Every structure is written in C-alpha cells, then in structure tokens.
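This report concerns salt bridges and the burial of the residues that form them. The sequence and the structure are shown first.

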Amino acid sequence: MPGVAVLTANIHMGFDMLQRRFVLPQLREAIRTVGADIVFLQEVIGGHAHHARRWQDWPAAPHYEYLADSLWPQFAYGRNAVYPHGHHGNALLSRLPIVRYQNHDVSVAGHENRGLLHCELELPGNPQHLHAICVHLGLREGHRRRQMDLLCAELEQRVPTDAPVVVAGDFNDWRAAGHARMRRCGLVEAFEQHRGRLARSFPARWPLLPLDRVYVRGLRIHEVAMPRGAPWSRLSDHLPLYARLSGEGAA
C-alpha cells in the first residue's frame, strides 16, 4: 500500500469556539495547507436555511462539497441529525476513489444524534480496499460504550481481517475509558504508538482533553502531528490530528 496522509477534525459546524464567527472559508484554507489525502470531518452542515440567510459568505453548496472543491475529487456524507431548517453529520474527503460507503446511525434514542460513516477506498495497484470510518460518539460514557461495541461489530462483520483500516474522529472519550475497548478490537492509536500518549485536542485554545483519535489496523505509522496555535485555535473548539501512514512494515 502506498503512503497516505490523513487528517481528522471536528469543524464545529463551521463556527469558531464561541460560535460568534462563521469561519468555514478560513478553515478550508487551513485544511488545504496540511496536504492530507483523506480528511475525516465531524459536525459538518449539509444544509441550514437560517444560517444561509444570516451569513453573507455562507456557501451555496453543502459544506462538505465546499471543503472538497478542486482538491478532493471524492467525498461522502453521513447525515446524523435532521431538523426543520437543515441537517448535519460526518463527512469524508478523499483523493482516492470511494468504492462504496454507508452511514450507520448509532444514536441513543432521546439523546444527541451520532453516526459512523464507513467508506471503502480503492488503493492503486492493490486489490485490497482501505476501510476508513469517520466517527463521532456521544457525550455520555454509557452511550459511548454501546457505540464502541457497534463500531467493533462493524469491523468484525464487514472488514476483512487483512484489510488496512483507519478509524478517526471525535470519540468524546475524555477520560480514555473506552481506549482499552478500541485496543481489544485490534486497533492501534497513532499518537499513543508514536509519542507514547493520546493527543490532547480539546479545547482548541488550551488543549487538555484527548477527545480526538486516529486508530489504525494493518498500517505503519510514520508521522503524527497536531496543528495548533494560529489559525487553528480560532477555527473550531477542537484541534485537528494528522497522521502519515503506509502498509510498509505494518504489524
């Protein structure tokens, strides 16, 4: 498998940490500077009639298409929350062909809407597909346990054991209580493997909590980074995570 760079970011609906400024245009430019081949996004607005009328620079296209424009020819969107004036969910932008994708609703009834967006990507010269799962889990620990069980079941039932896997996104697992569950699913967290601990990505201006993760299976981790400081600390309430991966020498 050739090298692939991935980025994950909770983009906070395109607003800054305090939700006072619409910053999606600046966020698009910042994401483009990273040069990732695959971008995992959470809290992406697919449509919002009220905001479109209020904000002058609101894009005409859905936000995932606006972010993907000209750099990521392939994209997928998983609608998690639907309301009278719009909807939002997870999205994946890719320079690799997306062969198929499916969004799995893992919401707990009566609470926040959550999903797992599972995409299969074509690898040049490789008959095996790369499985990329964009994750946004719940705020309550009991909900996350159930959602992690569903994630592990998805890997067991739908992903070949020898296929390369990236699972990335906002796990909301601030105490790392579910981290051992992910390891039992055969996943390795890129920052822990490379730096010895999970990345502290929240809140963006004073990152203290390890909410965001990049888990892999069947891949070698060459490099990890967490872009921070300006402009990232002004573009969301989370900082993004970056990892450069390949199949060479994978465990």
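A residue is called buried when its relative accessible area is under 20%, exposed when that value is over 50%, and partly exposed in between. By this rule Glu223, at 32% relative accessibility, counts as partly exposed. The model discussed here is predicted.

In general terms, side chains of opposite charge can pair when their charged atoms come close. A search of the whole structure finds 11 salt bridges. Three of them, including the one made by Glu223, are set out below, with the N to O distance for each pair.

| Acidic residue | Basic residue | N to O distance |
|---|---|---|
| Asp16 | Arg21 | 3.4 Å |
| Asp173 | Arg213 | 3.3 Å |
| Glu223 | Arg244 | 3.1 Å |

**Glu223 and Arg244**

The salt bridge between the side chains of Arg244 and Glu223 has an N to O distance of 3.1 Å. The pair links distant parts of the chain, with Arg244 in strand E12 (residues 241-246) and Glu223 in strand E11 (residues 220-225), 21 residues apart. Arg244 has a relative accessible area of 35% and is therefore partly exposed. Its partner Glu223 is likewise classed as partly exposed, at 32%.

Elsewhere, salt bridges with shared partners join Glu141, Arg145 and Arg175 into one network.

**Asp173 and Arg213**

In the salt bridge between Asp173 and Arg213, the side chains meet at 3.3 Å, N to O. This pair also connects distant parts of the chain: Asp173 lies in the loop between strand E8 (165-170) and helix H5 (179-184), whereas Arg213 belongs to strand E10 (residues 212-217), and 40 residues separate them. Asp173 is buried, because its relative accessible area is 1%. Arg213 is buried as well, with a relative accessible area of 0%.

**Asp16 and Arg21**

Asp16 is located in the loop between strand E1 (4-10) and helix H1 (24-34). Is Asp16 buried or exposed? Its relative accessible area is 7%, so Asp16 is buried. When neighbours within four places in sequence are left aside, the residues in contact with Asp16 are Arg21, Val23, Arg234, Leu235 and Ser236. With one of these contacts, Arg21, the side chain of Asp16 forms a salt bridge of 3.4 Å, N to O. Arg21 has a relative accessible area of 35% and is therefore partly exposed, whereas Asp16 counts as buried at 7%.

Conventions. Residues numbered from 1 in each chain as written. Predicted model: local features only at pLDDT ≥ 70, side-chain atom pairs only at ≥ 80, totals over all residues. Heavy atoms only, no water. Helix = DSSP H or I, 4+ residues; strand = E, 2+ residues; numbered from the N terminus. Buried < 20%, exposed > 50% of the residue type's maximum accessible area, 1.4 Å probe, protein only. Contact = heavy atoms within 4.5 Å. Salt bridge = Lys/Arg side-chain N within 4 Å of Asp/Glu carboxyl O.
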